[in-house]
Each structure stands twice: as structure tokens, then as C-alpha cells.
Amino acid sequence: MLANGVFGGGGVKGIAFVGALKVCEEMGIEWNRLGGTSAGAIVSSLLAAGYRASDLEELMVQLDFSRIVERNFWDYLPLGRLVRMFFTLGMYPATYLEKWLEERLREKGVSTFADLPAGRLTVIVSNLSTGEILALPQDLQRIGFSLHELKVSRAVRISSSMPFFFDPIKARRNPVEYLIDGGVLSNFPVWIFDQDPPHGIPTFGFSLSGGKDKEKRYHKIRTPISMLRALFSAMLETQDMKYVENQDAVRTIFIPTPGVQSTDFHLTREQKDSLLRIGEEATRKFFRKRSIQRPPSTIIYTKKEE
């Protein structure tokens, strides 16, 4: 079965996507077009390059998320991270994540978007200066890049640049335009393949949320940094949900992630394994409640009668 996949943002919680993908592969789903925001962009880019769910499980378990926010000399200065943010507009550079992804993609022969089939991958970023949602590579010229210039790893790094946490990237424009996390404007871009969908190919969305019945969370706010964490977490968890609940729930796999926040960069192996299991369980539950039919020329999916 051929399908498109769209993956929402959610920081480190994106590990749960891998569990979901394992179930999809068991069901024989092959991916046509892929896209996403932030954590979803990471997973989408690796899938688009040719990695399978089993590969992603190994990669995500091995990935040391703590290195993304590892300590350096700024941490030894009074309010060092806030001082750094004043000069660079971010507390951390996120270079480790970009380099790690660049190496993984290179192993599959992918560097720039030109190395992928046209339409294979769409990465969502936000232009903070203009307030625009950008879909890359389609909108590359709007930020001064060509298909052969911008590396996929850099585009995904931009899509994952949580405001205040990570340094924004500058577009090649005058005056300067700042590019940041796609989740600021569209954390779950389930719409990206709706404008010109390939005939008979459905789109499945994967959202790190419990949907209408999601559990409320309490964020302890004690410092400016914890306030920034709470702000961004709240933004991720509410963005796009009204649209999804009203129009796209039938094609969206909601993955609840209780007890884990987007910025929990010091996950234990047990927490990673738990996220993988949660992703699997949510996806199995989704398909148990759906009837998927495959006529010769089309694929449709509908909610089963209770």
C-alpha cells in the first residue's frame, strides 16, 4: 500500500514516531511523499533518504540528545545562557543535531534536496521576520537558496530550531530574515499534500498529542528558562489541534506522550523504549478502528462502525 506521511513536531517525543512506523511497515505501507515539522522533519528526512523503521529505532536509541544542550563555558557565567541568547538569539547552537543528521543522510547518498526525487520530502519552517510558513524545497527561492545549495540537514535543523532555545538561521535576504522552528506557525502540517494529491494515495498524519482526550499537564515555572520551556511546550501542544480535531481526525494517528516534554533532552533508555511502545500501541489502535480498502486504482480509509 502506498501512502503519504506527515509528522508533527514535539522535540524528543518524536521517538514515538518510530514505534508508529514499525506498525505501518508491518501492515505493508510504503511511503510516497513525506513531510513534517521539527521532530517530524527529522523522521521524514531519514525515511525519504531510505531508512526503515528498524534503522530509525537503532539510530534514535543511540542518539545522545543531551549533547544537543551540552554544557560549555556559557554555563559557568552568571546567567550565561540568557547572556548568550542576547547576542545570538538562542541559548544553544544545535550544531550537534545538524551534524549528526548530515552524517546519517550522507550514508544514504543524500546531501541537498537535489539528491531526492522531486516531491519526496517537504520540510516546514517559519519565517519569523515575515510571519510566513515556508515549505522546503518548494519555497527555497523565497529565502535566497537554490535546490543544489541548501542541505537537507540544514533545512531540518531550521525546522527544529525552537525559539529562544536554538539559534535561528538567517535567510539570504536584505534586510535580514530569521528562520526558526516550523512549529511556531504550523506544528502539524497535515495539509501539505492536499493541494495536489496524487490520485488514489491517502495521507496519514502522526501527531504527538492525545487528541480531544489529551491529558492536561502542569509545568513548574521557577526560572526564566523554565518559563521558556513551558511557553514552547504549550505552543507545540495546542498549535493546529482545532483544525485537526474538526477536519482531519479520521486520518490522524494521535500519539499521547504523558510524562515527557518536548525539551526533555536527558531521556533515559527506559523512557525511549516507553515512547517506542506508546507509538506502536497508538498506531495499532488507530488501524483497529479503521477499515482500509484497496480497489485497483484507489485507496480509501474510513472509520469502522462501532
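How many residues lie between β4 and β5 in the hairpin that they form? In this predicted model, the hairpin of β4 and β5 has 4 residues between its strands, and G131 in the turn has a positive phi of about 70°. Strand β4 covers residues 121-127 and strand β5 residues 132-136, and the two run antiparallel, joined by 5 bridges; within this pairing, N127 of the hairpin stands opposite E132 in β5.

From β4 the reader can move across to β2, since these two strands also pair, this time in the parallel sense and over 4 bridges, with G35 standing opposite T122 in β4. Strand β2 (residues 30-37) pairs in turn with strand β1 (residues 2-7), again in the parallel sense, over 5 bridges, and here W31 in β2 is the bridge partner of A3. Helix α1, which spans residues 15-26, makes a right-handed β-α-β unit together with β1 and β2.

Helix α2 takes up residues 39-49, and 11 of its 11 residues are buried, among them A39, I42 and L46. The helix is followed by G50, whose phi is positive, near 120°. Two of the residues just named, A39 and I42, also belong to the surroundings of S160, which is in contact with S38, A39, I42, L97, F166 and D181 when its neighbours within four places in sequence are left aside. S160 itself is placed in the loop between α6 (152-159) and β6 (164-166), and because its relative accessible area is 7%, under the 20% cut-off, it counts as buried. A polar atom of the S160 side chain lies 2.9 Å from the backbone oxygen of V156.

Charged side chains offer a further way through the model, in which a search of the whole structure finds 19 salt bridges. One of them joins R284 and E26, with 3.1 Å from N to O; R284 lies in helix α9 (residues 269-288) and E26 in helix α1, so this pair ties together parts that are 258 residues apart in sequence. R284 is partly exposed, with a relative accessible area of 33%, whereas E26 is exposed, at 53%.

In another salt bridge, R81 meets D75 at 2.9 Å, N to O; R81 is buried, with a relative accessible area of 5%, while D75, at 24%, counts as partly exposed. The side chains of R104 and E103 meet at 3.7 Å, N to O, and of these R104 counts as buried at 13% and E103 as partly exposed at 32%. Salt bridges that share partners also join K22, E26, E57, E280 and R284 into one network.

How values were computed: Residues numbered from 1 in each chain as written. Predicted model: local features only at pLDDT ≥ 70, side-chain atom pairs only at ≥ 80, totals over all residues. Heavy atoms only, no water. Pairing = 2+ DSSP bridges. Right-handed = clockwise from strand over helix to strand, strands pointing away. Buried < 20%, exposed > 50% of the residue type's maximum accessible area, 1.4 Å probe, protein only. Polar contact = N/O pair within 3.5 Å; in protein donor to acceptor, adjacent residues only side chain to side chain. Contact = heavy atoms within 4.5 Å. Salt bridge = Lys/Arg side-chain N within 4 Å of Asp/Glu carboxyl O.
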